[in-house]
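User: I'd like to go through how the labels for this model are reached. Could you take me from the cut-offs to the conclusions?

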Amino acid sequence: MSSLPKAGDFMGHPKGLFLLFVTEMWERMSYYGMRGIFVLYLSTIATAAAMGWDMAYFGIDPLSAGADEAYQKALNSNALSILGLYAMLVYVTPVIGGWFADNVSGQRKAIIFGGVVMALGQFALGTPHGMIEGLEKEFLYLGLALLIVGNGFFKPNISTMVGDLYTETDKRRDGAFTIFYMGINLGSILGYFVVGSIGEKFDYQYGFLTAGVGMLIGVILQLALSNKYLADIGKVPSAKQGDDAQAANKPLTSEERDRVKVILIMSFFTIVFWAGFEQAAGSMNLFAKYKTDLVFFGWEMPASWLQAVNPIFIIILAPIFASVWIRMGDKEPDSPRKFAFGMLFLGLGFVSMVGAALQIGDDANTKAHVIWLVMAYVFHTMGELCLSPIGLSMVSKLAPLKFTSLLMGMWFLFSGLGNYAAASIGQLVGESGPLNTFGGVAIMAFIAGICLWLLADKLVDWMHDADTSQDELEILEEELEITADKQ
């Protein structure tokens with residue numbers, strides 16, 4: 001067991017918490033800043049020319065009628081496809097990085113390694129095309145590969161270290177994860193505003209370079225201050241701590257098998273949710289850029305700023321949702337029904353996008369009012385709060401001890417599949433139009449919500465009271481802790 005740091009407290013918490021807060025803030029600024037401009041960068045004519053994605057590459061005759069429009073649709077579709085594959089792999093590699101830290105390196109080294117590799121990935125994306133003429137595409141894929149690998153080592157380990165700052169009985173844990181969670185969302189807001197503004201108003205590659213600098217700041221802070229404020233936390237792999245090597249060779253009981261079924265069924269439904277939710281970085285981002293009126297008093301707002309609506313409302317609504325569940329007492333919905341509410345809110349968000357599509361109609365010169373997208377992001381945030389923290393909490397409660405890491409990895413794998421499916425749905429916007437596509441996603445979300453509601457009683461039976469076995473304080477702590485981990 002790692003010794004707890006003795007650097008003193010700040011605001012009633014170990015000072016190491018605020019080091020982890022700032023480290024995570026810079027990493028999330030880097031991650032979300034890049035994500036906010038990535039599709040916009042790939043869909044520009046200048047980027048396409050550098051990558052060799054000309055009209056012939058997509059089989060478009062430049063002399064045919066509507067060639068320019070077809071070319072832009074092809075670029076959008078290509079950008080969404082690359083984003084979808086990247087987003088899926090980002091959710092797969094943390095399983096490997098978490099195992100490596102637990103068994104080989106410890107969390108501290110994994111975080112430093114992951115941060116450095118991610119910074120290099122951002123710098124590869126941000127290398128000016130004039131310096132790497134003929135190698136632009138190679139640097140694009142190198143940058144993405146480095147980001148995927150680095151994220152795998154960073155993402156699963158820093159949240160674990162927050163919990164390690166406290167003993168298991170320390171009642172300050174819930175407040176600690178609330179503070180850490182604010183760092184996550186503050187970082188994403190900074191990413192959308194800072195990186196988004198630099199990318200859209202100056203040069204997309206300058207945006208990537210800015211994201212890389214942000215990541216490096218987080219790494220430097222860790223290297224400079226971790227020994228002082230974190231003591232030995234994260235240095236020793238958890239598998240090598242203590243002599244508690246329990247051999248779990250006993251077969252699962254029927255009760256445990258039922259609980260595993262619940263995890264897998266509800267994980268499957270998350271594919272639908274994330275396939276819709278992750279339109280934020282893809283088709284909704286492109287819709288904001290090209291189909292939404294972003295001009296205010298003669299100034300055009302960067303399209304990527306709209307994605308900041310989600311973290312802003314997460315900060316506003318998360319404590320409200322957590323307290324509402326508790327105050328409902330015996331009337332609090334079970335986990336499957338909370339999932340169903342999440343699907344409902346997702347569907348309502350796309351109803352708002354249908355409103356935006358109806359406003360622009362078939363007129364290429366008409367643009368939708370920005371309020372449609374703001375409403376969509378707010379509904380999607382409410383859906384996220386009903387599903388994401390609840391789902392991770394569910395996995396932690398239901399998973400048999402010997403399969404906890406595996407089933408948590410499966411949860412993230414299904415999230416990754418949802419991200420990949422999001423790219424395919426986003427491509428349909430260019431083929432079938434925003435009205436049909438957004439309307440279809442809304443219907444899909446409502447159907448999934450109804451199915452979950454109908455299955456809820458059976459799923460609750462299979463949980464065998466795991467959903468109701470905690471007191472109010474434990475539930476509040478878990479809600480806030482898991483909400484931090486979901487990012």
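Analyst: Happy to. A residue is called buried when its relative accessible area is under 20%, exposed when it is over 50%, and partly exposed in between. Please keep in mind that this is a predicted model.

User: What makes Tyr32 buried or exposed?

Analyst: Its relative accessible area is 10%, and the limit for buried is under 20%, so Tyr32 counts as buried. Tyr31 is buried as well, because its relative accessibility is 11%.

User: How do you know what kind of pair the rings of Tyr31 and Tyr32 form?

Analyst: Two values settle that. Ring centres have to lie within 6.5 Å to pair, and planes over 60 degrees apart count as edge-to-face. For Tyr31 and Tyr32 the centres are 5.0 Å apart and the planes stand at 85°, so this is an edge-to-face pair. The two tyrosines also belong to one aromatic cluster with Tyr192. Across the whole structure, the search finds 19 aromatic pairs.

User: Why is the pair of Phe100 and Phe153 given its class?

Analyst: The reasoning is the same kind of check. The ring centres of Phe100 and Phe153 are 5.6 Å apart and their planes are at 75°, so the pair is edge-to-face. Phe100 sits in helix 3 (residues 67-105) and Phe153 in helix 5 (residues 136-164), so the pair ties together parts that are 53 residues apart in sequence.

User: And what makes Phe100 and Phe153 buried, exposed or partly exposed?

Analyst: Phe153 has a relative accessible area of 15%, so it is buried. Phe100 has 31% and is therefore partly exposed.

User: Why are helix 11 and helix 14 called parallel or antiparallel?

Analyst: Two packed helices are described by the angle between their axes and the distance between the axes. For helix 11 (residues 335-360) and helix 14 (residues 434-463), the axes come within 8 Å and cross at roughly 170°. Angles over 145 degrees count as roughly antiparallel, so helix 11 and helix 14 are roughly antiparallel to each other. Sorted by class, their contact has 28 nonpolar, four polar and two charged residues.

User: How do you know that the length of helix 4 agrees with what is expected?

Analyst: Helix 4 (residues 107-126) has 20 residues, and at 1.5 Å a residue these should span 28 Å. The C-alpha atoms at its ends are 28 Å apart, so the two values agree. Helix 4 is also mostly covered, with 15 of its 20 residues buried.

User: What is notable about the phi angles of Ala231 and Phe297?

Analyst: Neither is a glycine, yet phi is positive, at about 50° for Ala231 and about 55° for Phe297. Ala231 is in the loop between helix 7 (204-230) and helix 8 (254-277), while Phe297 is in the loop between strand 3 (295-296) and strand 4 (299-300). Ala231 counts as buried because its relative accessibility is 19%. Phe297, at 90%, is exposed.

User: How many disulfides does a search of the whole structure find?

Analyst: Zero. A disulfide would need a pair of cysteine sulfur atoms within 2.5 Å. As for two of the cysteines, Cys386 is buried, because its relative accessible area is 1%, and Cys451, at 34%, counts as partly exposed.

User: What makes Ala423 buried or exposed, and where does it lie?

Analyst: Ala423 lies in helix 13 (residues 404-432). Its relative accessible area is 7%, so it is buried. The C-alpha atoms of Ala423 and Leu85 are separated by 8.0 Å, although the two residues are 338 apart along the chain.

Note on methods: Residues numbered from 1 in each chain as written. Predicted model: local features only at pLDDT ≥ 70, side-chain atom pairs only at ≥ 80, totals over all residues. Heavy atoms only, no water. Buried < 20%, exposed > 50% of the residue type's maximum accessible area, 1.4 Å probe, protein only. Axes fitted to C-alpha atoms, helices over the stretch in contact; angles between N-to-C directions. Helix = DSSP H or I, 4+ residues; strand = E, 2+ residues; numbered from the N terminus. Parallel < 35°, antiparallel > 145°, perpendicular 65-115°, else oblique. Nonpolar A, V, L, I, M, F, W, Y, C, P; charged D, E, K, R; others polar. Expected span 1.5 Å × (residues − 1). Phe/Tyr/Trp six-rings, centres within 6.5 Å; stacked < 30°, edge-to-face > 60°.
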